[in-house]
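These are my notebook entries on a single structure, written for a reader who has not met it before. I set down what I looked up, place by place.

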Amino acid sequence: MTSPPPPGRPRTALVTGGNRGIGLETCRRLAAAGLDVVLAARDRERGRAAAEQLARAGYPVRSEQLDVADAAGVRACAERLAADGVAVDVLVNNAGVYPTAPFFELDEATLGESLQVNLLGAFRTCQAFVPEMVRRGYGRVVNVSSGGGALTDNVPSPAAYGIAKAALNALTLVVSAAVPAAVKVNAVCPGWVRTGMGGPGAPLSVEQGADTVVWLALLPETGPTGGFFRDRRRIPW
Ligand code: NAP
């Protein structure tokens, strides 16, 4: 059983990079599950358009401008939500970039951009939203990682992406160890999914790619924390 929300309030989920791909499908599924959803997008207009698309399909969500590479922007977004009385119970760190340069062609700026989004984005949102989860005694954090970031059983992946996702996995363990068990912090590999990032040849649909993300976002009190999952099963770090 998922612990009940405070009387009169459904749980609220914030999904970064919610305007397309796995993020958009995660917003749709969480709204369908009855949560209030904040669809966060780095581009305000793309975020609004995605939120309108969901509203037309019967899933009204709130859209928020949030560039996770912008530390001040993350803090400002958290302040706007707090000022509006929106308490984030579920944080899905989905925003990601996929630089493809092989190691010996990789420049520092490109590695830096990958770290800014794939690692520091989640670092910033965790610092902004997790303390309140701890205070309220309920939270779910889902870091959308990749098998390309696994140190064992690793799927070969471009250098800047693999390094950043390995660090995101480390962040997952660090944050999970810093909070009580009522706040569950896990990482997920969605598999190879047909999105802008995964390309048209990927075997999985966005519905399949979002499945374990949503499962972790809705974990019951007895659910795991500090784990790395694919297809709803633990995988090696
Ligand atoms: P996608 O279709 O390329 O979407 C990426 C999302 O991240 C977009 O909404 C993008 O916003 C957003 N984003 C990028 N930089 C951002 C920033 N600085 N601030 C906020 N949002 C930002 O990719 P996807 O396949 O859905 O990927 C979602 C997650 O799954 C990523 O973390 C990715 O690494 C992971 N993943 C995907 C696959 C796969 O096969 N697709 C496999 C393993 C892991 P814009 O629209 O503004 O660009």
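**Entry on helix 1.** I looked up Thr26 and found that it counts as buried because its relative accessible area is 0%, where buried means under 20% relative accessible area, exposed over 50% and partly exposed in between, with a 1.4 Å probe and protein chains only. Thr26 lies in helix 1; helices (H or I, at least four residues) and strands (E, at least two) are DSSP runs, numbered from the N terminus. I also noted the C-alpha distance from Thr26 to Ala13, which is 9.8 Å for 13 residues of sequence separation.

Cys27 is found in helix 1 too. Its relative accessibility is 0%, so Cys27 counts as buried. From Cys27 to Val214 I read 187 residues along the sequence and 8.9 Å in space, C-alpha to C-alpha.

**Entry on the source.** The model is predicted: local features need pLDDT of at least 70, side-chain atom pairs count only at pLDDT 80 or more, and totals for chains, interfaces and linings use all residues. Residues are numbered from 1 along each chain as its sequence is written, and side-chain values use heavy atoms, with hydrogens and water left out.

**Entry on the ligand.** Which residues come nearest to the ligand? I found Asn19, Arg20, Arg42, Tyr161 and Thr195, out of 29 residues around the ligand; a residue is near a molecule or strand if one of its heavy atoms lies within 4 Å of it. By class, this shell holds 13 nonpolar, 11 polar and five charged residues. Here Ala, Val, Leu, Ile, Met, Phe, Trp, Tyr, Cys and Pro count as nonpolar, Asp, Glu, Lys and Arg as charged, and the others, Gly among them, as polar.

I then looked up atom pairs at the ligand. A polar side-chain atom of Thr195 is 2.5 Å from a ligand oxygen atom. Polar backbone atoms also appear: one of Ile22 lies 2.9 Å from an oxygen atom of the ligand, and one of Asn94 lies 2.8 Å from an oxygen atom of the ligand. On its own the ligand has 910 Å² of accessible area, and the protein covers 95% of that; accessible areas come from the Shrake-Rupley method with a 1.4 Å probe, and for residues only the protein chains shown count as cover.

Two elements, helix 1 (21-32) and helix 5 (159-178), give two or more residues to the shell around the ligand.

**Entry on Arg42.** Arg42 is placed in the loop between strand 2 (36-41) and helix 2 (44-56). Why does Arg42 count as exposed? Its relative accessibility is 51%. The C-alpha atoms of Arg42 and Asp107 are separated by 24 Å, with the two positions 65 residues apart along the chain.

**Entry on Thr222.** I located Thr222 in the loop between helix 6 (206-217) and strand 7 (228-230). Thr222 counts as exposed because its relative accessibility is 73%. Thr222 and Asn143 are 79 residues apart in sequence, and their C-alpha atoms are 19 Å apart in space.

**Entry on backbone angles.** Most residues other than glycine have a negative phi. I looked up two residues with a positive value. Asp231 is found in the loop between strand 7 and strand 8 (233-234), and its phi is near 50°. At 47% relative accessibility, Asp231 counts as partly exposed.

Arg232 lies in the loop between strand 7 and strand 8. Its phi is positive, about 65°, although Arg232 is not a glycine. Buried, partly exposed or exposed: which word applies to Arg232? Arg232 counts as partly exposed because its relative accessibility is 41%.

Note on methods. Polar contact = N/O pair within 3.5 Å; in protein donor to acceptor, adjacent residues only side chain to side chain.
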